[in-house]
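Visitor: I am new to this structure and would like a close look at a single part. Please take me slowly through the topic of cavities, and explain the terms as they come up.

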Amino acid sequence: MFYQLRTANVQLSPVDYSDKQVLLIESSGNMRSTVVFMLRQLGVSHIQAVGINDQVYYLLKEENYDIVLLGHNPSDPLTGMQILEECRYKKIIKPNTCWVFMTSDASQDVVLHVVESQPDAVITKPFSAAELKLRLDMLLYRKHALSAVEEAIQKGQLSQAVKLCDQVELSGANYDFVQLIKGRLLLQLNRFEEAEHFFKYRFSRLNEKESGPCLAQAYIGQQRYSDAKSILVESIAKFPLLMTSYDLLAHVLEKTGELEGAQEALQAATQQSPLSLLRNMELGRIAVYNRNLSIADHAFKRSINLNKTSCYRSAEPYLKLANVRRLEMKEVDDRQQIALYNQVEELLNTAGFQYPHDEIFKVKSALLKSQTCTDLGDTERAEQHLQQANILAKNLDEPFDIKREMLEVVGDPLPILDTPTSPKPLPAASKKVAHKHDPEMSHKVNRLGVTHYNAAKIAQAIRYFGLAIEYDAKNSRALLNLAQLFLESARQQKEKREERLKMVQRYLRLTVRMELSDIEMQKRRLLERCLQEPLEKLPEGSLGVLLK
């Protein structure tokens, strides 16, 4: 969860830095020495100072730091921006760690993109020891005050976290900070009417910047798109550099069929903050629906450029730009068609070379080639490519709807008119299907179960975890996930409670003699403790984050 740092003139208790673990990531040797000297003045004795390289991911994942100071120099082959974005994407950022982003580039492009990547604070180089101390004192003060809230969030106990927010004793700007956390938790819990009441006051009376988009999300959750649109337009007028408002406005306008307006919102956002790969892809997608091919072309070209250093890198920008070329072929003469057809082939070949293991892209590439040949009147080759797509799709791990994906690949029809088809149900537990022992497939299916659980599709999640165990009876993560789901089910419903509790005990027993990781051991102990408590005393919501 991201908390934007806002310093305030408050009297903080002195912070003891002697026991703090600090990781300093900075490519400049001189800057590293300067910051280390500042940290020593603060009383920090545990400092690990490293240059920027791929090894920092291992340190961040395996070690526990109180503070991470991350330097960004735009000329570095691997920038601080890339590290921050990658860590956020891979969920390496730990809630008890203070992240301070140090940049020598204070341009609007960089700062807005950094804010979207969600550090705890941004500080511009060069800075003084006093400025660094002020930032760190405030962050550590807040982290300490919110430790119980963060612990509840990590356990998935969001309702409990909401209650704990009301017990945090902070004042002034820090109080507003905690209230923002509480409101966002209400949104995560789908308590949209409460969130509406909460954020309406803060946006209209306190003129709080972050509350505008949050109030809009509360309206969207209630499908009140007109109200959401009004609030977002007002929010953009008041705070034109808050990119979240533009993204949400585009979403609302697309929902209501106003695609030209959605495109304009995304154009305005990308003009001010052009470094977001995902936003550029969204702009290109909407522009294709509107058949504004020049805008789509620019957006996808920019996406390909950003794709080189983004954690969201994939073959998708190449595929989308190739489709733009296909659409352009319809408006030109035969000679130009040949040149554009060659560009389609070149883009797809480049993506295939850069992402040789992307099996889904191979299916989509064949679909796009099929449609391109259809446009050119070459029905024989179009059918060959379509057959190839069907063969490739059958070998995928997940269900793949060829007809639906064809519509997505070629950018037609409008997505709001296209109802997704439901995936084929897995075999019922009573119909035993023989599966060969395949640990890799077991882990993939377990991850699908986690995805369905996070989407509140509990029945599907249980089926996927059961299938994961069929592929590998020793998949301890799937066993623990099943134990948690049956325990949550027993807590929520009295019917068949005893039977479900027996299932919990059974799955936990199966893991007793297994070699578990530290995280898995913690999960089993948590479930065992929960099993010893009266079910009525267990907290609402998830009993913990599922193991992927």
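Guide: A cavity here is a set of points, on a 1 Å grid over the protein atoms alone, where a 1.4 Å probe fits but cannot get out; the points are joined across faces, edges and corners, and the volume is the space filled by probe spheres set on them. This is a predicted model, in which local features need pLDDT of at least 70 and side-chain atom pairs count only at pLDDT 80 or more, while totals for chains, interfaces and linings use all residues. Residues are numbered from 1 along each chain as its sequence is written, and side-chain values use heavy atoms, with hydrogens and water left out.

Four cavities of 30 Å³ or more are found in the structure, and the largest of them has a volume of about 70 Å³. Around that largest cavity, the lining residues (those with an atom within 4 Å of a point) are Arg285, Val288, Tyr289, Phe300, Lys320, Asn323, Glu408, Val409 and Gly411. Three helices, α14 (277-289), α16 (316-329) and α20 (402-410), each contribute at least two residues to this lining, and α14 gives the largest share, with three residues; helices are DSSP runs of H or I, at least four residues long, numbered from the N terminus.

Sorted by class, the lining of the largest cavity consists of four nonpolar, two polar and three charged residues. In this scheme Val, Phe and Tyr count as nonpolar, Glu, Lys and Arg as charged, and Gly is among the polar ones.

How values were computed:
1 Å grid on protein atoms, 1.4 Å probe; cavity = no way out; pocket = protein on both sides within 12 Å on 5 of 7 lines; lining within 4 Å.
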